[in-house]
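Colleague: Could you walk me through this model? I am new to it.

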Amino acid sequence: MKLLSQTLLKIASVKLAALALLLVLGATATAMAQNPRIQTSQLDALAAKASETVDVNIDESLIALTTKFLSSKDEDEKKVKELVSGLKGIYVKSFEFESEGQYTDADLESIRSQLRNPAWSRIIHAKSKKDGSIEVYLMQTGGQISGLAVLATELKEITVINLVGPVNLDKLTELEGQFGIPELGLEGSKPKRKN
Amino acid sequence: MNSNLNNDADYLWDKTGEPDPEIQQLEEILGTLRYQPRPLEIPAGLHVGRRRSFFRSHAAPLAIAATVAMLLLGLGLWLGLQRLQRSPQQIAKSPDTPQVQPVSSPDEKQNSPLAVSSPEPEQKRIDESPRRHVNPSLLARNSKRDRNTAVKDQQLTLKQQQEARAAKDQLMLALRVTSMKLNLAQRKAQSTNAPELIHNQHKIG
């Protein structure tokens with residue numbers, strides 16, 4: 001009887017360890033797959049060729065610090081504060097070149113490969129020979145938007161934008177006309193205003 | 001003869017016949033080696049089961065230890081991922097003032113609406129490069145700041161205020177670039193004259 005209980009205990013322990021391993025691996029894989037943060041460090045090499053570079057990296061702590069300096073009485077700053085208060089990161093990287101052909105599709109492949117993740121949904125892809133292409137991606141987690149990514153390429157310019165966190169499209173569209181933020185015209189964002 | 005053989009056989013069979021002297025002698029010699037029934041004596045220092053392998057004998061503690069180790073490993077991976085989400089620049093940077101990229105040429109940066117930087121790796125601090133890089137309309141307006149914000153400012157240290165102002169500049173710059181690109185995307189997506197330009201558009205919700 002004692003031997004049986006010890007055997008059962010050992011089997012249960014081994015199963016528990018295997019289950020924990022599966023949980024850890026699964027959680028890690030899920031976290032990596034659902035991470036709305038896009039790694040753009042691969043583009044840093046283009047800075048040497050660029051004539052102008054914009055590199056903005058604002059994490060959650062900096063956003064929290066910044067919101068303290070946004071007034072609640074000023075309408076513009078109030079809306080910006082509401083927009084960014086839930087965000088966990090704002091990352092913008094833009095390179096402008098003197099001439100064409102300074103970058104290739106291979107330079108952007110690292111970005112595109114991350115955006116090919118099924119967690120990302122491309123909502124806009126506009127492409128033209130003259131103006132280049134622009135792609136807008138959204139990541140949703142649990143029915144809520146958890147990330148926004150914009151990849152804009154022109155002949156002499158590359159821009160990668162990554163907003164991490166619950167991007168509120170309603171609040172974003174409310175900023176239309178302020179700071180030049182447009183209405184995306186997406187379903188679910190200010191549907192009543194369209195009429 | 002036959003009777004002697006039979007007697008010997010009986011003796012050998014069940015010891016009922018007449019014994020043979022030679023057989024008796026053999027019995028006396030070999031009798032010392034006869035089976036002696038006695039209880040099994042186990043040495044006091046001998047423990048049954050000690051020779052099992054270490055992993056078998058400690059399977060349960062090892063499994064629990066492995067579980068804890070894997071949980072710690074998972075926690076470490078999770079923390080690592082969380083840290084990766086931060087910008088490498090922000091992580092490597094000391095808690096000094098946030099930095100922005102320096103501008104390539106002074107003429108360009110004065111005309112440019114964006115805070116731009118040159119390809120040189122050296123970076124200037126935001127307090128060293130004044131706000132001329134940023135559209136003034138996007139800058140903080142201290143005159144309009146409400147009283148509560150002013151009180152908070154007093155509570156913050158000077159370094160934190162510098163960080164916050166620099167971060168605010170970056171925030172406004174990021175929002176401006178984002179809005180520009182979203183405007184561009186919206187214009188292209190809503191271009192009715194060239195619907196073929198839109199390759200893919202999904203609804204959200």
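Colleague: Is strand 1 of chain A buried or exposed?

Modeller: This is a predicted model, where local features need pLDDT (the predictor's confidence in each residue, from 0 to 100) of at least 70, side-chain atom pairs count only at 80 or more, and totals for chains, interfaces and linings use all residues. Residues are numbered from 1 along each chain as its sequence is written, with chains lettered from A and ligands numbered from 1 in the order written. Strands (E, at least two residues) and helices (H or I, at least four) are DSSP runs numbered from the N terminus. Of the 8 residues in strand 1 of chain A, residues 52–59, 8 have 20 or more other C-beta atoms (placed from the backbone) within 10 Å of their own, and the strand is thus mostly covered: buried.

Colleague: In which sense do strand 1 and strand 2 of chain A pair?

Modeller: Strands pair if DSSP finds at least two bridges between them. A:Val56 stands opposite A:Val92 in strand 2 of chain A. Over 8 bridges, strand 1 and strand 2 (residues 89–96) of chain A pair in one sense: antiparallel.

Colleague: Which helix gives the most to the largest nonpolar core?

Modeller: A nonpolar core joins buried Ala, Val, Leu, Ile, Met, Phe, Trp, Tyr and Cys residues through C-beta atoms within 7 Å. Among the members of this 53-residue core that touch the most others are A:Val56, A:Val92 and B:Leu171. With 13 residues, the most to this core comes from helix 8 (residues 158–189) of chain B.

Colleague: What is the mean pLDDT of chain A?

Modeller: In chain A, pLDDT stays under 50 over residues 182–195. Still, 80% of the chain A residues reach 70 or more, and the mean is 80.

Note on methods:
Two residues are in contact if their C-beta atoms, placed from the backbone, lie within 7 Å. A residue is buried if 20 or more other C-beta atoms lie within 10 Å of its own, exposed if 12 or fewer, and partly exposed in between; C-beta atoms are placed from the backbone.
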